[in-house]
Amino acid sequence: GVTVALWNVSFEVKKGEIFVIIGLSGSGKSTLVRCFNQLLKPTSGEIIFEGRNIETFNKSELLEYRRNKISMVFQNFGLMSHRNVMDNVAYGLEVKGIAKDERQKRALEMTRLVGLEGWEQKSIESLSGGMKQRVGLARALASNPEVLLMDEPFSALDPLVRRDMHFELLSIQRKLGKTVIFITHDINEAFKLGDKVAIMKDGKIVQIDTPENMSTNPMDDY
């Protein structure tokens, strides 16, 4: 009598790889990514991070995990319009209680890394969609997380800006070596970015493979 959101989903993500989860709307991919930072709690199963089941974290351990180990970039940017670019990027560090000089320095580094040098003091309202997404990415990177969760972050952008953001993400990945779990419904985006790709349908994983193997050896007609 219930709707199953995820069924028997199991996989490993290697440190430093871009793991892309692809599926149509309603396939369960966003539900899945929200389990990784405990925004949603699965009814059964384990989510293992560095040898520990995050389900067993107490309140302070979960806070530490969310603040320092994992970060999320949303589709709708999630920026604060009353803060300028720099203050948006530094927000996570401010919450962590980092001294102002240190967080400004780190925010400046990240703002430059995502290609927004010279825009540090601009208001969020004055930015284009692509620039806003860069701010969101810089904010996620500022706290130096080990894992970056990206839930359809580029789907609201026009094709040219989207292509630039793909290049930007791959460039940042080469420099910083972050582990990225990337959600998309675009097969081209998945194959362009992913070291490994998982295809989902109706809450289940159909196939996990490299883009090359998936192209040449699809598991089934879907």
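**Exercises: a surface patch, an aromatic cluster and a helix**

V2, V4 and W7 form a nonpolar patch on the surface, with about 350 Å² of accessible area together. This is a predicted model, where local features need pLDDT of at least 70, side-chain atom pairs count only at pLDDT 80 or more, and totals for chains, interfaces and linings use all residues. Residues are numbered from 1 along each chain as its sequence is written, and side-chain values use heavy atoms, with hydrogens and water left out.

**Exercise 1.** Place V4 and classify its accessibility.

Solution.
- Start with the position: V4 lies in the segment before β1. Strands (E, at least two residues) and helices (H or I, at least four) are DSSP runs, numbered from the N terminus.
- Recall the classes: buried is under 20% relative accessible area, exposed is over 50%, and partly exposed is in between (1.4 Å probe, protein chains only).
- V4 has 46% relative accessibility, so V4 is partly exposed.

**Exercise 2.** Work out how F11, F19 and F36 form one aromatic cluster.

Solution.
- Use the pair rule: rings of Phe, Tyr and Trp (its six-membered ring) pair if their centres lie within 6.5 Å; planes under 30 degrees apart are stacked, over 60 edge-to-face, and the rest tilted.
- The count by this rule is five aromatic pairs.
- One of them is F11 with F19, which is stacked: 4.7 Å centre to centre, with 10 degrees between the planes.
- F11 also pairs with F36, edge-to-face, at 6.2 Å centre to centre and 85 degrees between the planes.
- This second pair links distant parts of the chain. F11 sits in the segment before β1, and F36 in helix α1 (residues 29-36), 25 residues apart.
- Now check burial. F11, at 24% relative accessibility, counts as partly exposed. F19 is buried, at 1%. F36 is buried too, with a relative accessible area of 11%.

**Exercise 3.** Test the length of helix α7 (residues 159-176), then find its buried residues and what covers them.

Solution.
- The expected span is 1.5 Å times one less than the number of residues.
- For the 18 residues of α7 this should give 26 Å; the end C-alpha atoms are 25 Å apart, which agrees.
- The buried residues in α7 include R162, M165, H166 and E168.
- Their cover includes β1 (18-22), α5 (100-113), α6 (129-142), β5 (147-151), β6 (179-184) and α8 (187-193).
- Just after α7, G177 takes a positive phi of about 65 degrees.

Methods:
Contact means heavy atoms within 4.5 Å. Patches are made of residues with over 30% relative accessible area and no salt bridge: like charges are joined within 9 Å, nonpolar side chains (Val, Leu, Ile, Met, Phe, Trp, Tyr) within 5 Å. Accessible areas come from the Shrake-Rupley method with a 1.4 Å probe; for residues, only the protein chains shown count as cover. A salt bridge is a side-chain nitrogen of Lys or Arg within 4 Å of a carboxyl oxygen of Asp or Glu.
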